[in-house]
Amino acid sequence: MSNNPLIRQVHEKYKPIWALNHAFALLAWDLETYMPTGASEARGFAQAQLALLGQEKIVALSDLISEAQKSSNLSENDKGTLRIVERQVEYYSKVPSTLIEQLHRTATEANLVWREARRKSEFARFQPYLERLVELKKQEAEKLGYEGHPYNALMDRFEEGLTVRDTDAIFARLVPSLKRILEKVIAEGRYPAHHPLESEKYEEAAMSKVNVDLISLLGMPKDNFRLDVSTHPFTSGMAVSDVRITTRYEGVNFKEGISHVIHESGHAIYELQVDPSLEHTPLVHTPSLGFHESQSRFWENFVGRSREFTELIHPILTKNLPFVSTYSNDEVYRYFNMVRPSLIRVEADELTYNFHIVLRYELEKRLIGGDVTASEIPTVWSNMMEEYLGVRPKTDAEGSLQDIHWSGGDFGYFATYSLGNIIAGMIFKEIQRDMNFSETVRNGNLLAIREWLREHIHRWGGIYSPKELQQRLFGEVYNPDRLISYLEDKFLGQMT
Ligand SMILES: [Zn+2]
């Protein structure tokens, strides 16, 4: 596909790396879905060995990449290939394998301790592991190198080019606006904080029929897509022709299940709509987690929580969950859009969700910058929760122990959740230039929305960096004003 012989060589040598990633993804998916519990040690060993093999193959591309970079007349695809492979080569050449191994071992151990600590709600148990992980991540940042804040090196791993300066500026705009909207919504009681549908129980079989209708409405392709069950819902894109999502059945409060399926389908549609000619190359993946999350959030919130969409699925709900029949469209819409400041991130509503992210971003930045110690986390956490949302955790389990990320050593990840919402806001503004969005959703013409996203975002895979892709699409980068104006219209606008 490239005219440059060196790039063709890179693509040729990348094929086994693609295949290893494919195998790795399948093992990871199986681990969360069907693997018998007794197999975890063998699985861990196999995954570690495959990861090592992949690293060796990446580092072996180093000279070829440097050589190819000297070429003139590189196409956009060629430049994208070099950018992506160089980032991978750089990581494994700068961070010593002993440190990677230490991080991996500590994270495996920390994860087990975290589970126990969370169950008993004892932060003190987890604290020494958090300290150790922060120390190792600081070392990783030093090895990777950075300008300005050491946290920049860690965020860049998930969102290329994202800095503390960018993120501070984004949140400095977003937070006061969200506070203003939230205070007004609560003061005026515009959206309910509680709803009787929250406590309606459902049978798994009935809900699984809802899911079948839902994924058919979303147009998920039968031959390239699966829906299974796991403890935590996730999406695994193994190939452009093989994408899998999971959900869970909680037995009550069915909107959670609907949100899981729409959210993960948003991720899946992205993976399924990358240009098939990029398959087996380094370009086949999203440029960043923020972009990936923008897709899941766009479908979950901008489409899935709209009045038109709740009307569209009302017949699916009443057919399979008879208790919904006594509720009007408007009541179902209000159930999907309750606003209630709460302690748990994964249960947060559209309006309060970003506060949970700012809090984690601030804490991680301070931990990595040495401005706060692990032992201070529970108190700082509670104080910030109170400042942002007016609620204070009574236990560590509903405070600083609730998320898995730190125990896995994933520092630098959280901000991408909010970036996803922000990019989704930018998409929402842009897509309305090309279509009457409400009308399109009302008519159930979701294919038109999928097609728009394919054309503008999905097909490009990772050719452009996240900032370049935004610049091309929107002429601006991570502008939170689009999200703010969408939320203002939705939550403070004329109630229809
Ligand atoms: Zn997601």
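How many nonpolar, polar and charged residues does the lining of the second largest pocket have? I'll come back to that.

First, the ground rules. This is a predicted model, where local features need pLDDT of at least 70, side-chain atom pairs count only at pLDDT 80 or more, and totals for chains, interfaces and linings use all residues. Residues are numbered from 1 along each chain as its sequence is written, and side-chain values use heavy atoms, without hydrogens and water.

Start with the zinc ion. Its protein donors are His 263 (NE2), His 267 (NE2) and Glu 293 (OE), at 2.1 to 2.3 Å. Donors here are N, O and S atoms within 2.8 Å of the metal (3.2 Å for Na, K and Ca); water is not among the atoms, so sites may look incomplete. The spacing in sequence is H-x3-H-x25-E. His 263 and His 267 sit 4 residues apart in helix H10 (residues 255-272), so about one helical turn separates them. Helices are DSSP runs of H or I, at least four residues, numbered from the N terminus. Both histidines, His 263 and His 267, are buried, meaning under 20% relative accessible area with a 1.4 Å probe, protein chains only.

Now the opening answer. The lining has 7 nonpolar, 8 polar and 7 charged residues. Nonpolar means Ala, Val, Leu, Ile, Met, Phe, Trp, Tyr, Cys and Pro; charged means Asp, Glu, Lys and Arg; the others, Gly among them, are polar. H20 gives the most to this lining, 5 residues. A pocket is an open set of points on a 1 Å grid over the protein atoms alone, where a 1.4 Å probe fits, with protein on both sides within 12 Å along at least five of seven lines; lining residues have an atom within 4 Å of a point.

Methods: Helices (H or I, at least four residues) and strands (E, at least two) are DSSP runs, numbered from the N terminus. Buried means under 20% relative accessible area, exposed over 50%, partly exposed in between (1.4 Å probe, protein chains only).
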